[in-house]
Structure formats: structure tokens, C-alpha cells
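Open the model in your viewer and keep the sequence panel beside it. Here is a short tour, stop by stop.

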Amino acid sequence: MTGLEGSPVLLYRPLTLADAQARLRDVSDAVPLAGGQHLVPRWRDTAMPPAIVSLGSIAALRRITVDDNGLSIGSGTSLQDVATSALVQHRLPALAGLAARMGDRLMRNRATIGGALCTTHEAGCLPAALLGTGALLHTTAREIPASDWFCATGGAPSLAPGELITRITLPQPVAASHQCLRLTPGRFALVTVFASKGTRGLNVGVSGLQAWPFRALAAESWLAQGDLGAGPALDRVFADCSPRSDVQASGQYRLAQAQALLQAAGLALSAPTGA
Amino acid sequence: MKATALSSCHAISSGAPCRVNAVVHPPSSGAETLLEWLRGSAGCTDVRQACDTGHCGACAVLVDGRAVKSCSVLAGEVEGREVLTLAGLESASRPAARAVLDAVATMRPFQCGYCQPAFVIAAIDLLGSEAAPSECAVREAFTGLLCRCTGYQSIVGAVLLATRTLQASTPGGIE
């Protein structure tokens, strides 16, 4: 075993959230494990933690419900269940469609939305969706707005020992649209724009354009003015951004794609049925 | 291959047995991967070991009816669950499994066959949830599964044949 040969590794499978929290607090260096699609392959290349607390047997983390605050999705819900949930498809079809394109089907059967939040800070469609709906993350200790979770410093707020994400809530929009450019199936989209229109106004989340996902306030203003045509106004929407350039695409290309995706999202939002 | 990467672990849990291809096995005594446990303790060498990084999908098995990459799951997490590998499909009572196996026998869509168990498992997972998937849906369901021989066309064709067989035999849907 890499780095830990001979050292016992403890695997706990608690049935309740309280038990999981207790294990994480009381067992030195214990690590929570959700679907494991990121962590297990990584552990093979590095080393196993001394103790693992698997969250997969906690049924309370797998509930999808609707209340006054909108759609609530338990952090232990698999991405495939998000994609195929009748409730999600009815309330926020753009999110169901997005989840159905995250990774591949075998991965989605195991990967959870909570795990994706903890491993996807830089790119991918999920950050844009949470920013573009004004979502709220609930932990066992506090509530964290998506705009604070995906922050420009490059990492999520640290969770305290024993603190776990329990669910996310997404306000019910009137309409929402997920637009992305994906070069390779199963991989992160190059650029993603997720826009929603609700009673509190417009929300636009963008990922892939910069090194970190962000809520695009200028894009929200541009969508609100109603003219969705190309021109100087659209050119100014992402003027303050620092588009990333890498082996996949130049910053200029990403910028052009983000503008085109924003236009498409705007058209979808203005369509009679939304998106 | 890093066959011992996750060995020397100890699981603390319910001790519930796991059923693999309808045979009851004591739970894994370690936090090895499901792939290692299946090929080792459970003797299921029909589960292929390839990339070991979650990229190729060759190690796919069904856990409670859902296809997963067994290299990316800890064996201790399938306690009390039902695991099906390719070898267990013949005796399984799933119409989708019968239809896919018959279509594979008829069309012989694989060449070297190393990836065959994974594609069959993934197809059964798909047909278990979608009664009549389109060709596009079949191709999407195969995202994350690598075949180095066929170019996928023949495999997709076999699954579409299985779909037609199922539709003909169960007009009201599948499972």
C-alpha cells in the first residue's frame, strides 16, 4: 500500500448523520467519503487516510423534497438520481438535464451532489448552476451561499471537523437555462452559463471562463435590458474577467463562447416555456 | 496495476453478507476496492482489471441493479448489497439481461472481448431504466467505457437489437 503499508485503515459505515459526525470528530484524521469517484482513485495514487467515514448508508442525506425555500436535494443524492428525479425534472429541468451530462453514467450512479461540491471548485457545470440559481448549501453547522462556496480565492470554505454538507436548496425559478460547450463527452464543459429568472430577478453563473466559477452580475444586467443581440453591450459583459488560456482553448475563444452561451441562455429564458 | 494499493485495511460495520451472483459471501474484511475483492476473495475473474483509475470502465459490475466502476468503490461499501457480474447474468431473471446476452450471441459485436463484460453490464443498467432508449441514449450510456477494437458501432447495434427484442416481448415496458 502506498505510503501506509502495514497501517490499519478503519472504514466506518454509520447509519445516522449524528454517528457520522461523532466518528469524524472523535477519530483522528478521519475523512468523510461520499460516492468515492474522486477520492478512491486518488487514494490509489497517494495513500489511504487512517480512517474513512462512509456516508453512503445515511438515508437522510438522499432525500429530494420541495418546500417554501424551493427544491431541496440531499447531499448524498447520486447524480443519476438528480438527473432522473421526477421532482427535479418538473421543478428545475435545466438542473436535471445538467446532472444527466455530468461525467459518465457509471460514475453518476455512485457520485453524489455533495461530493461533487467538495471536489469541483474550478470548472464543470454544477458550480454555474448553483451560482445561477442563487443556491444555498446547508451544513450541519451553518448555511453557505453558493457565491461564498465558489470563491475567487480558489477553494471552498473549510468545513470544521465533523461538519458535513447535508443538502442544497435551490430557489424555484420561473425559468432556467443551462448552456455549455463540451468538447469531450464525460469531461468538464469548456465553458458553462447557467441563467435563471425568478421572482427576485435574474441570476447568471459562469464556469470555465476564468480560473474560478463566478456569478456574473454584468451578465444579469445585460439580460435584464432585453436586447439579446451581439454588439458593444455584450462585449462589455465579461470585460472585467480574466479568461483562462490553456491547452484546451485560448482565453479569447472561451470569451467568445461565453458570450454566445449567454445569448442562447437569454433566448431560452425569453421563450414562452423557459428552458 | 496496483493490486495491493488498498489492502491492509479493516472495516467496522454491520457485517452483513454480500450476495455476488446469488452466492452469499462474508463481507470484505478490508477496505480494498470492490474490484480487488471480487477478483480475489469472491473469485470473479470475469470482472476485468484495466486502468484502475476509473477512466476505462472495464471493471463495471451491477450493484443493486446499477452499473458502477468497481475500481472506484470500496468493497466494504457493498455489505448487504447484491452484486452481479457478467458470469451471474445467465442465471439472473432480468429480461434486459437475457435480451442483451442473446443480442451479443447473435451479433457477436466484440473483437478481443476484454471490454465485453463492462458493455453488457452498462447496457443492462440502461435498459433497466429506459424501456426504449434511442441510439443517442445508448451511445451516451457508453460514455466512460473504452473499447480499443470495434469503434463501438457493432456494440451499439447489439444493444438496439436487444431493445427491439424487449419491446416486442414486453409491450408495457421493461422490469
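The tour visits strands, then a pair of helices, in a predicted model.

**Stop 1: a hairpin**

Select residues 136–139 of chain A, which are strand β6. Add residues 143–145 of chain A, strand β7. The two strands run antiparallel and are joined by three bridges. Together β6(A) and β7(A) make a hairpin, with three residues between them. Which residue of β7(A) stands opposite A:L137? Show side chains and look at A:I144.

**Stop 2: another partner for β6(A)**

Keep β6(A) selected and add strand β8, residues 165–170 of chain A. Four bridges link β6(A) with β8(A), and this pairing is antiparallel. To see one contact point, pick A:L136; its bridge partner in β8(A) is A:T169.

**Stop 3: two helices**

Move to helix α10, residues 217–224 of chain A, and helix α12, residues 251–270 of chain A. Their axes lie 11 Å apart, and the helices pack at an angle of about 45 degrees. What does that angle make α10(A) relative to α12(A)? Oblique, because about 45 degrees falls outside the ranges for roughly parallel, roughly perpendicular and roughly antiparallel. The crossing of the two helices, α10(A) and α12(A), is right-handed.

**Stop 4: the helix contact**

On α10(A), select A:A219, A:W222 and A:L223. On α12(A), select A:L262, A:Q263, A:G266 and A:L269. These two sets meet. Color by residue class: the contact of α10(A) with α12(A) holds five nonpolar residues, two polar and no charged.

Terms used
Residues numbered from 1 in each chain as written. Chains lettered and ligands numbered in written order. Predicted model: local features only at pLDDT ≥ 70, side-chain atom pairs only at ≥ 80, totals over all residues. Heavy atoms only, no water. Pairing = 2+ DSSP bridges. Axes fitted to C-alpha atoms, helices over the stretch in contact; angles between N-to-C directions. Left-handed = near helix turned anticlockwise from the far one by under 90°. Contact = heavy atoms within 4.5 Å. Nonpolar A, V, L, I, M, F, W, Y, C, P; charged D, E, K, R; others polar.
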